[in-house]
Every structure is written in C-alpha cells, then in structure tokens.
Amino acid sequence: MRRWHRTRQVINYVNLSTPAGLLIALIGGARPCRGEQGLIFAHGYRIPFPVAGAFTVGNVVLTKNGEGYLTGRLLDHEARHANQYVACVGLPMIVLYVVAAGVSYAICGNPASWNPFERLADLDDGGYPHMAARWSRSREGRSGHDLHDR
C-alpha cells in the first residue's frame, strides 16, 4: 500500500469519517471488505439515498452494486472524495458537500455539475454531466446559438 493511502486511512479514522462510513454501511445493510487504494468497499447498500452508483464517507465507499463495480475511473473518483475528507477534517465534509450540491442544483438543476467536490473528483470519472448554468441556457435559447460557438 502506498504511503499516502495509509496516511489517508489513519487521518480519516482519527477524524471519525471512516467510523461514520462503517456505521452507515452497517445501517444500510452493506458488506464491508478491504478494497484497493487503502479504501473499504461496502457492497449491497440498501437505503435508496443518496441516489448514486457509489458514495464515499471517509475511506468507506458504499454502493448498492456487487463486487467488481468499484474499478477504474469510478474508483479513482471515489478515492479523490476520500482525500477530500482529509482536507475537510472529516465529518464537516458532509455538510459542505450538501451545501455545494444545493448551490449546484440552484445553478444548473443538477447537484453535481457545479459542485466543487465533484469537479475536483472529476465529473467524467464519476459519470456526471457537464451542465451549463440556467442563465446561460436561457441566453442560448433566445439566440439560437450555443455560447461555446461565439
């Protein structure tokens, strides 16, 4: 395991975000197991919220999907979220993320497209769309041209 992965594990355990993730996995009926990049994968999450293929709390990546789902670019995306828990000193990340998702939804109608946490984790790797702001779309509709063509 790389030094950063181990460091992230320790910090996210101490800042209580990984224990919170394990508690959420337990409540959601997910089966935790050791994963790649020093993460814990929790497959079989049964609670229908949040609406996402996977989500991360601390070093725990939760998904309703079975083993083999958390690979490649999606895994890299979720690992970046684990890094964000380190930067946000743990559980405050959840509040900051919810606020950012609300602002993103107000801007474009999608909770991820303008959310800085999703952008820093790479929208494409997470499977999220790049949506224009509502005010940009209204101008595009009046002029008949895409703003990127100007």
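This report describes the pocket, nonpolar cores, salt bridges and selected backbone features of a predicted model.

## The largest pocket

The largest pocket encloses about 680 Å³ of space. Its lining consists of 23 residues, and those nearest the centre of the pocket are F49, P50, F55, Y97 and V98. By residue class, the lining comprises 18 nonpolar, three polar and two charged residues.

Three elements, strand β3 (55–57) and helices α3 (72–87) and α4 (92–108), each contribute at least two residues to this lining. The greatest contribution is that of α4, which supplies five residues.

## The cis peptide bond at P50

Two of the residues nearest the centre of the pocket, F49 and P50, are joined by a cis peptide bond, with omega near 0°. P50 itself is located in the loop between β2 (40–43) and β3. Strand β3, at one end of this loop, is also among the elements that supply at least two residues of the pocket lining.

## Nonpolar cores

In soluble globular proteins, nonpolar side chains tend to be buried together. In this model, the largest nonpolar core contains 14 residues, and A42, V57 and L62 have the most contacts inside it. Two or more residues of this core come from each of α2 (17–27), β3, β4 (60–63) and α4. Another core lies apart from it and has nine residues, including F41, L75, A79 and A82.

The surroundings of V57 can be set out residue by residue. With residues up to four places away in sequence left out of the count, V57 touches S17, T18, A20, G21, I24, L62, Y85 and I94. One of these partners, L62, is listed with V57 among the core residues that have the most contacts.

## Salt bridges centred on D125

Side chains of opposite charge can pair when their charged atoms come close. The structure holds two salt bridges, and R73, R80 and D125 are linked through them in a network. In the pair formed by R73 and D125, the closest N and O atoms are 2.5 Å apart. Because R73 belongs to helix α3 and D125 to helix α6 (residues 123–126), this pair ties together parts that are 52 residues apart in sequence.

The second pair is formed by R80 and D125, with the closest N and O atoms 2.9 Å apart. Here too distant parts of the chain are linked, with R80 in helix α3 and D125 in helix α6, 45 residues apart. The acidic partner, D125, has a relative accessibility of 10% and therefore counts as buried, the limit for that class being under 20%. R80 has a relative accessible area of 27% and so is partly exposed.

## Positive phi angles and the approach of Q37 to D76

Two residues other than glycine have positive phi values: Q37, with phi near 55°, and V89, with phi near 60°. Q37 is placed in the loop between β1 (31–34) and β2, whereas V89 is in the loop between α3 and α4. Their solvent exposure falls into separate classes: Q37 is partly exposed at a relative accessible area of 23%, while V89 is exposed at 59%.

Q37 can also be related to D76, a residue of helix α3. The C-alpha atoms of D76 and Q37 are 8.7 Å apart in space, and the two residues are 39 residues apart in sequence. D76 has a relative accessibility of 31% and therefore counts as partly exposed.

## N115 and its contacts

N115 is found in the loop between α4 and α5 (116–121). Its relative accessibility is 0%, so N115 counts as buried.

Neighbours within four places in sequence aside, N115 is in contact with Y97, A100, A101 and S104. These four contact residues fall within the span of α4, residues 92–108. One of them, Y97, is also among the residues nearest the centre of the largest pocket. Helix α4 thus recurs across the features described: α4 gives the most residues to the pocket lining, and α4 also supplies two or more residues to the largest nonpolar core.

Notes: Residues are numbered from 1 along each chain as its sequence is written. This is a predicted model: local features need pLDDT of at least 70, side-chain atom pairs count only at pLDDT 80 or more; totals for chains, interfaces and linings use all residues. Side-chain values use heavy atoms; hydrogens and water are left out. On a 1 Å grid over the protein atoms alone, a cavity is a set of points where a 1.4 Å probe fits but cannot get out, and a pocket is an open set with protein on both sides within 12 Å along at least five of seven lines; lining residues have an atom within 4 Å of a point. Grid points are joined across faces, edges and corners, and a volume is the space filled by probe spheres set on the points. Helices (H or I, at least four residues) and strands (E, at least two) are DSSP runs, numbered from the N terminus. Ala, Val, Leu, Ile, Met, Phe, Trp, Tyr, Cys and Pro count as nonpolar, Asp, Glu, Lys and Arg as charged, and the others, Gly among them, as polar. A nonpolar core is a set of buried Ala, Val, Leu, Ile, Met, Phe, Trp, Tyr and Cys residues joined through side-chain atoms within 4.5 Å. Buried means under 20% relative accessible area, exposed over 50%, partly exposed in between (1.4 Å probe, protein chains only). Contact means heavy atoms within 4.5 Å. A salt bridge is a side-chain nitrogen of Lys or Arg within 4 Å of a carboxyl oxygen of Asp or Glu.
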